[in-house]
Amino acid sequence: MAETTPTGEAEFRAGFLALCGRPNVGKSTLLNALLRTELALATRFPQTTRERMLGIWSESNFQAVLIDTPGIHRARSAFNKYMVREAERGARDADVVMLLAEVPRLPDIEAAEQWEPGESALAALKTLADVGKPIILVLTKVDRLSERTHLLPIIARWQGLHEFSAVVPVCALRGQGLRKLREVVHASLPPGEPLFDRDNLSDRGMRWHAGERVRAALFRNLSQELPYSCAVTIESYREQRKPPKDTIRATVHVERESQKKVVIGKGGQTIRAISMQARQEIAELTQRPCDLFLTVRLTRNWTKDPDLMKRLGYHQAIGGEA
Ligand SMILES: Nc1nc2c(ncn2[C@@H]2O[C@H](COP(=O)(O)OP(=O)(O)OP(=O)(O)O)[C@@H](O)[C@H]2O)c(=O)[nH]1
Ligand SMILES: [Mg+2]
């Protein structure tokens, strides 16, 4: 255990902190804001995060290992069930859970006083409360509020539903509320030594992050539904020392033949744009130039077939086992 001052103030604390909530509430954006990097994939589309990822948040007096989880939602397909299990597993593995919930867009204070959380936000709370860990409620996207006073009835409504260890309103995009969140997180972690080297930012290697950058480019270049039918596997990742350069070969898997054409685009236009954007982002992350070669392949109905999902790297919680 870390040495403490007589007041106990300098005691180092460390632990796992899961970021949970409905899809699209801003979990990955908050993780990036806390880590001050664009590590996690965050898009305007729900169900962007597919698997748990650890982001290692090191401060002078604590280390919180942040678990970015997929959104908790009512899942139908085998793959969506996999994502929700990943989220629950994240909460179970944590010392403390953050429930993220968006503030509603409200016209006036009367509407704020009438406001109730939606069914799916309540379902996310129930799922997490059942796990039994202390829960910090983080109210996200407060920049959407026309008046800050609208927050009070919203907070009161939530507090009537569960005994949260703290409630913190934030705007991750503008960095508001993060100092308060830092204090709350420090107070909620158990005393202990750092769990990871301070220089590490993530438990996932560059192979995994490179795949995520390709997925980011898919979201940017394809129409709404198609990125959900895509998976990315990295076939090879070669690091050349002199001159420093990475060469990556990756496959974009689609579910149906017709989707292959769309991803490739007229004369290969779309896949070229995807490759160029992903390559730039990977280079920003590694601080080295990179060559990226993408192939598009049909892996028929992979989101429905647990064996194929496993082959594409989604193998953590299939079959109900954590
Ligand atoms: N206005 C506003 N938008 C935000 C804020 N934080 C996140 N967003 C936006 O909300 C959208 C979803 O953000 P993500 O961080 O991907 O959300 P998520 O909860 O990780 O989503 P899933 O991984 O799909 O479950 C993105 O378009 C973000 O830019 C905020 O503080 N204010
Ligand atoms: Mg996410």
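Before the structure itself, one definition: rings of Phe, Tyr and Trp, the last taken by its six-membered ring, count as a pair if their centres lie within 6.5 Å, and planes under 30 degrees apart count as stacked. With that in hand, and bearing in mind that this is a predicted model, Phe 79, Tyr 82, Trp 302 and Tyr 314 form one aromatic cluster.

By the rule I have just given, the count comes to 10 aromatic pairs. One of them joins Phe 45 and Phe 219, whose ring centres are 5.6 Å apart with the planes at 15°, so this pair is stacked. Phe 45 sits in the loop between α1 and β2, whereas Phe 219 belongs to helix α7, so the pair ties together parts that lie 174 residues apart in sequence. Phe 45 is buried at a relative accessible area of 10%, and Phe 219 is likewise buried, at 4%.

Returning to the cluster, the rings of Phe 79 and Tyr 82 have centres 5.8 Å apart and planes at 10°, so they too are stacked. Here both residues lie in helix α2, 3 residues apart, which is about one turn of the helix, and both are buried.

Let me turn to ligand 1, which is surrounded by 21 residues, and by class this shell has 8 nonpolar, 9 polar and 4 charged residues. An oxygen atom of the ligand is 2.8 Å from an N or O atom in the side chain of Thr 49, and a ligand oxygen is also 2.9 Å from a polar backbone atom of Ser 28. Of the 660 Å² of accessible area that ligand 1 has on its own, the protein covers 88%.

Conventions:
Residues are numbered from 1 along each chain as its sequence is written. Chains are lettered from A and ligands numbered from 1 in the order in which they are written. This is a predicted model: local features need pLDDT of at least 70, side-chain atom pairs count only at pLDDT 80 or more; totals for chains, interfaces and linings use all residues. Side-chain values use heavy atoms; hydrogens and water are left out. A residue is near a molecule or strand if one of its heavy atoms lies within 4 Å of it. A polar contact is a pair of N or O atoms within 3.5 Å; within protein, one must be able to donate a hydrogen and the other to accept it, and residues adjacent in sequence count only if both atoms are side-chain atoms. Accessible areas come from the Shrake-Rupley method with a 1.4 Å probe; for residues, only the protein chains shown count as cover. Ala, Val, Leu, Ile, Met, Phe, Trp, Tyr, Cys and Pro count as nonpolar, Asp, Glu, Lys and Arg as charged, and the others, Gly among them, as polar. Rings of Phe, Tyr and Trp (its six-membered ring) pair if their centres lie within 6.5 Å; planes under 30 degrees apart count as stacked, over 60 as edge-to-face and the rest as tilted. Helices (H or I, at least four residues) and strands (E, at least two) are DSSP runs, numbered from the N terminus. Buried means under 20% relative accessible area, exposed over 50%, partly exposed in between (1.4 Å probe, protein chains only).
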